[in-house]
Amino acid sequence: MIPEDFLPIDDCLADFLARSASKEKDAVRDAVRLLSRAVRLGNVCLPLSECVGDSIRPALRASEVVGEPGSAFPLILDASGRLYLNRFRRYEEEVADFLREGAVAAVDPVDRKTLDAGLARLFVPEGGTMPDRQREAAEKAVLKRVSIVSGGPGTGKTTTVVKMLALLLEQAGEKPLDIALAAPTGKAADRLKKSIVKSVEDSTSLNVDQRVRDRIPREASTIHRLLGAGFGGRFSRGPENPLPYDVVVVDEASMIDLPMMARLVAAMPRDSRLILLGDKDQLASVEAGTVFADICEAAGTFSECISVLTRNYRFGDESPIALLSSAIRAGKGEEALERLRSGGGDVIEWEGLPPTPEEMERFLRPRVLAGFSPFLKEGTAEKAFEAFGRFRILSAHREGTYGVSGLNELAEKILSRERLIHRDGSAHYPGRPILILRNDRALRLSNGDTGIVLRDPSDGRMKAFFPPAEEKQAKKGGEPKSEFRTIPLPRLPEHETAWATTVHKSQGAEFDEVLLVLGPSESGLVTRELLYTAITRAKTRVTVVSDPEAFRDAVARPVDRHSGLSDLLAKPVEVS
């Protein structure tokens, strides 16, 4: 079935490459038009057999613009009938080559006695017959140059990676071991940093020498900053100027798109270790690819580098949130809906979708007041940020009554009527939460950063407050010194109100309570991964507002993006 949602850019690219071909112009034009659309929708390639049929393959191979993998032609057609834009095939090959080589590459000689002692000390058996997946993952991190750890929220990924680093530092002894921590967004980097600090300071869990504890890094940056992102999409780090680290740890790896993963591995020294943490069942990246999920599905030798954590330490096996998220992840729509409808005490709640804006406002009113009133009554930036993180409204959509724009308008109306916020015709008011939508290198703001408009005590003017940038956090008296950044409102890059945010923008964050609003059943935006991601943002309580049909449809609709990365990773590697 040929789709109808083409854009002018699809036609332009198709016409350009068809003009470049002296023969089989129609075949090229038809295939490229579909390929352009596929990439725009998040695919890395176009599987011809599923879209236009294999009969077109001979015509494309006869064209001067189509070549085999490894060639310089603008289009690449592999043996499985996947059609690529050249750069996307190159990205896949670069990522796969680095990971496959890292899976079999020799590491520095390991002191097995020290490793075994460290594993026994850090992973004390708790009884039972289930294998300790955290221990297995930590051991792989010492024995392999590439380590992949997947697990849902609460499965102990951060605790495990801290113990991985402790084991690597014990192996290094007195030798220096430079370690970098990174995440795709500023929000995710900040949460990684806080989780690392908490784990490092837990003396009961991290049973290591103080010298090892002191060498574990407490700061994290975004991947863009790690790679030296500059103006015009250029990066200072790459094959000619690799990263100066022995170990690079990247959290929330499911958010990394294929081009960014290719940039990351290109900047890695070939004798360094890469540890990727993520949740393969979460939403994929906004841009092309499902890189982390593809990596976790790889077979062959590379599968030995993958660890999947399944035990949940936050919720427990019988937690309503854990059971609900498990049913969604397994695609069991009826079971998930029944769990929501039957409720979980004060933990999960189901509400039908209010049919009008007026009814939506009546539904939201008590929840908005309960969720945001404490935040608006705080007197300092630090306490305001802490309180704002307790409750969030999430939506799959941006526009409409059930989208972010409509929900933000309703939240403002409710809070204004209760005189909790005071709007004087300006977009800004004290207490307004904002979400940055565009990177600003000069202000050190990233897409996805959250700020709050408050009056600056030093001069009484309204300014946007943001948590301190990682390089601004100094230590004073042995304790972290955190100074909130204040930015004049006219200098802010593109931003929006953030009482409600999209599920995509919530990735890398956690809240005590989540209110998820889904749109009508005809919306194809809501997928199984989006539902799972939204539900697992909540630590203590989640409310889902949806039509039953829309919810069931979403659980039955997994993200389906095409790529060849898993097949490339499964290829054997010759050990030199």
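Colleague: In this predicted model, what is the relative accessible area of Arg 444?
Modeller: Arg 444 lies in the loop between E13 and E14, and its phi is positive, about 55°, although the residue is not a glycine. Since buried means under 20% and exposed means over 50%, with partly exposed in between, Arg 444 counts as partly exposed, because its relative accessible area is 32%.

Colleague: Arg 419 is also a residue other than glycine with a positive phi; is Arg 419 buried or exposed?
Modeller: The phi of Arg 419 is near 60°, and the residue is placed in the loop between helix H18 (404-417) and strand E13 (433-436). With a relative accessible area of 67%, set against the cut-off of over 50%, Arg 419 is exposed.

Colleague: In what order do the strands of the open sheet that contains E13 and E14 stand?
Modeller: This open sheet is formed by 5 strands with antiparallel pairing. Strand E18 (485-488) and strand E19 (495-497) each have a single partner strand and stand at the edges, so one side of each is left without a neighbour in the sheet. Neighbouring strands are turned by 35° against each other on average, direction ignored, and the order of the strands is E18-E15-E14-E13-E19.

Colleague: Within that sheet, which residue of E15 stands opposite Ile 452?
Modeller: Strand E14, residues 450-455, pairs with strand E15, residues 462-466, in the antiparallel sense, and 4 bridges support this pairing. Opposite Ile 452, in E15, stands Phe 465.

Colleague: Turning to strand E5, how many of its 6 residues are buried?
Modeller: Side chains in a regular strand alternate between the two faces of the sheet. In E5, Val 146, Ile 148 and Ser 150 point one way, while Ser 147, Val 149 and Gly 151 point the other way, and all are buried. Strand E5 (residues 146-151) is thus mostly covered, and the number of its residues that are buried is 6.

Colleague: Which residue in E10 is the bridge partner of Ser 150?
Modeller: Strand E5 runs parallel to strand E9 (residues 273-278), to which 5 bridges join it, and there Ile 148 stands opposite Leu 276. E5 also pairs in the parallel sense with strand E10 (residues 306-309), over 4 bridges. In E10, the bridge partner of Ser 150 is Val 308.

Colleague: How many of the 16 residues of helix H8 are buried?
Modeller: Helix H8, residues 157-172, reaches 23 Å from its first C-alpha to its last, which is close to the 22 Å expected at 1.5 Å a residue. Just after H8, Gly 173 takes a positive phi of about 65°. The helix is mostly covered, and of its 16 residues the number buried is 14.

Colleague: What relative accessible area does Ser 254 have?
Modeller: Ser 254 is found in the loop between strand E8 (247-250) and helix H12 (258-266). Leaving aside residues up to four places away in sequence, Ser 254 touches several others, among them Asp 279, Gln 282, Phe 292 and Gln 507. Ser 254 is buried, with a relative accessible area of 6%.

Colleague: Which helix gives the most to the lining of the largest cavity?
Modeller: The structure holds 1 cavity of 30 Å³ or more, and the space in the largest cavity is about 30 Å³. Its lining includes Arg 100, Ala 103 and Val 104, and also Phe 302 and Lys 571. With 3 residues, the helix that gives the most to this lining is H5.

Note on methods
Residues are numbered from 1 along each chain as its sequence is written. This is a predicted model: local features need pLDDT of at least 70, side-chain atom pairs count only at pLDDT 80 or more; totals for chains, interfaces and linings use all residues. Side-chain values use heavy atoms; hydrogens and water are left out. Two strands pair if DSSP finds at least two bridges between them. Helices (H or I, at least four residues) and strands (E, at least two) are DSSP runs, numbered from the N terminus. Axes are lines fitted to C-alpha atoms, for helices over the stretch in contact, and angles run from 0 to 180 degrees between N-to-C directions. Buried means under 20% relative accessible area, exposed over 50%, partly exposed in between (1.4 Å probe, protein chains only). Contact means heavy atoms within 4.5 Å. The expected span of a helix is 1.5 Å times one less than its number of residues. On a 1 Å grid over the protein atoms alone, a cavity is a set of points where a 1.4 Å probe fits but cannot get out, and a pocket is an open set with protein on both sides within 12 Å along at least five of seven lines; lining residues have an atom within 4 Å of a point. Grid points are joined across faces, edges and corners, and a volume is the space filled by probe spheres set on the points.
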